[in-house]
Amino acid sequence: MIVFHGSNQIVKEPDVSHSFRSLDFGGGFYVTTVREQAVRWARRKALFSPETATLNIYQMNEDGAGLKILDFGEDLSSWIKFVCDCRDGGTCYRQFDVIKGKVADDKVFRVVDMYHSGAWDIDRAIKEMKAYSTYDQMNFVTQNAIDRLLKFERFEKVSS
């Protein structure tokens with residue numbers, strides 16, 4: 001499977017040590033199967049840097065035998081609770097090697113925020129989230145998972 005990572009630099013050897021924020025699935029190295037999503041991220045990263053937006057392209061081995069993989073699939077209830085925990089700085093993500101699920105983009109994150117603040121219950125949040133198209137993301141939490149599953153193929157510079 002081909003996966004993408006949007007950045008402001010070429011990332012031939014991804015690692016987990018450059019992750020510094022509490023994101024949807026905690027710290028780690030994030031990729032997506034959606035090219036357009038990665039291109040948007042690359043452009044966003046390049047806005048705050050003198051570097052050029054870069055799309056990194058990897059071949060992902062799907063044989064995760066022996067790795068702890070959490071795949072939310074369509075389970076939005078568990079997904080939203082997990083995202084809230086990670087964005088609060090929780091460390092529940094550290095028990096996994098790879099986490100797969102939807103992305104809390106700007107629209108979806110507003111829904112997550114309404115749930116997280118207590119303004120909406122879980123049923124209302126899930127109903128609202130289903131109204132938005134969502135993209136996917138995978139977080140490689142451990143270096144072992146990166147080393148076993150990702151192989152750098154090439155990069156492409158992205159126009160503004």
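This report walks through helix H2, the cysteines, the aromatic rings and a polar site around Asn-8. The model is predicted.

**Helix H2**

Helix H2 covers residues 76-87. Its 12 residues should span 16 Å at 1.5 Å a residue. The end C-alpha atoms are 16 Å apart, so the expected span and the model agree.

Asp-75 caps the N-terminal end of H2. One of its side-chain oxygens lies 3.4 Å from the backbone nitrogen of Ser-77. Beyond the other end, just after H2, comes Gly-89. Gly-89 takes a positive phi of about 95 degrees.

Which residues of H2 are buried? They are Leu-76, Trp-79, Ile-80, Phe-82, Val-83, Cys-84 and Cys-86. Two of these, Cys-84 and Phe-82, return below.

**The cysteines**

How many disulfides does the structure hold? The count comes to 0. Cys-84 is in no disulfide. The nearest cysteine sulfur to that of Cys-84 belongs to Cys-86, 9.6 Å away. Cys-92 also has Cys-86 as the residue with the closest cysteine sulfur, at 4.3 Å. That is too far for a bond, because a disulfide needs the two sulfur atoms within 2.5 Å.

Burial can be read from relative accessibility. Cys-84 has 6%, so Cys-84 counts as buried. Cys-92 has 22% and counts as partly exposed. The cut-off for buried is under 20%, so Cys-92 does not meet it.

**Aromatic rings**

A search of the whole structure finds 6 aromatic pairs. One of them joins Phe-25 and Phe-82. Their ring centres are 6.1 Å apart, with 65 degrees between the planes. This pair is therefore edge-to-face, as the angle is over 60 degrees.

The pair links distant parts of the chain. Phe-25 sits in the loop between strand S1 (2-7) and strand S2 (29-31). Phe-82 is in helix H2. The two are 57 residues apart. Phe-25 and Phe-82 are both buried.

Phe-25 and Phe-82 also belong to one aromatic cluster, together with Phe-72 and Phe-96.

Charged side chains lie over rings too. The charged end of Lys-68 sits over the ring of Phe-96, a member of that cluster. Arg-44 lies over the face of Trp-41. The table gives the distances.

| Charged residue | Ring | Distance from ring centre |
|---|---|---|
| Arg-44 | Trp-41 | 4.8 Å |
| Lys-68 | Phe-96 | 5.7 Å |

**Asn-8 and Ser-49**

Asn-8 lies in the loop between S1 and S2. The loop between S1 and S2 also holds Phe-25. Ser-49 is found in another loop, between helix H1 (35-47) and strand S3 (54-60).

What joins the side chains of Asn-8 and Ser-49? A polar contact of 3.1 Å does. The side chain of Asn-8 makes a polar contact with that of Gln-9 as well, at 3.4 Å.

Is Asn-8 buried or exposed? Asn-8 has a relative accessible area of 12%, so Asn-8 is buried. Ser-49 stands at 19%. Ser-49 therefore counts as buried, since the cut-off is under 20%.

Asn-8 has further contacts, leaving aside its neighbours within four places in sequence. Asn-8 is in contact with Lys-45, Ala-46, Ser-49, Glu-51, Thr-52 and Thr-54. Lys-45 and Ala-46 fall within helix H1 (35-47). Thr-54 falls within strand S3 (54-60).

How values were computed: Residues numbered from 1 in each chain as written. Predicted model: local features only at pLDDT ≥ 70, side-chain atom pairs only at ≥ 80, totals over all residues. Heavy atoms only, no water. Helix = DSSP H or I, 4+ residues; strand = E, 2+ residues; numbered from the N terminus. Buried < 20%, exposed > 50% of the residue type's maximum accessible area, 1.4 Å probe, protein only. Polar contact = N/O pair within 3.5 Å; in protein donor to acceptor, adjacent residues only side chain to side chain. Expected span 1.5 Å × (residues − 1). Phe/Tyr/Trp six-rings, centres within 6.5 Å; stacked < 30°, edge-to-face > 60°. Lys NZ or Arg CZ within 6 Å of the ring centre and 35° of its normal. Contact = heavy atoms within 4.5 Å.
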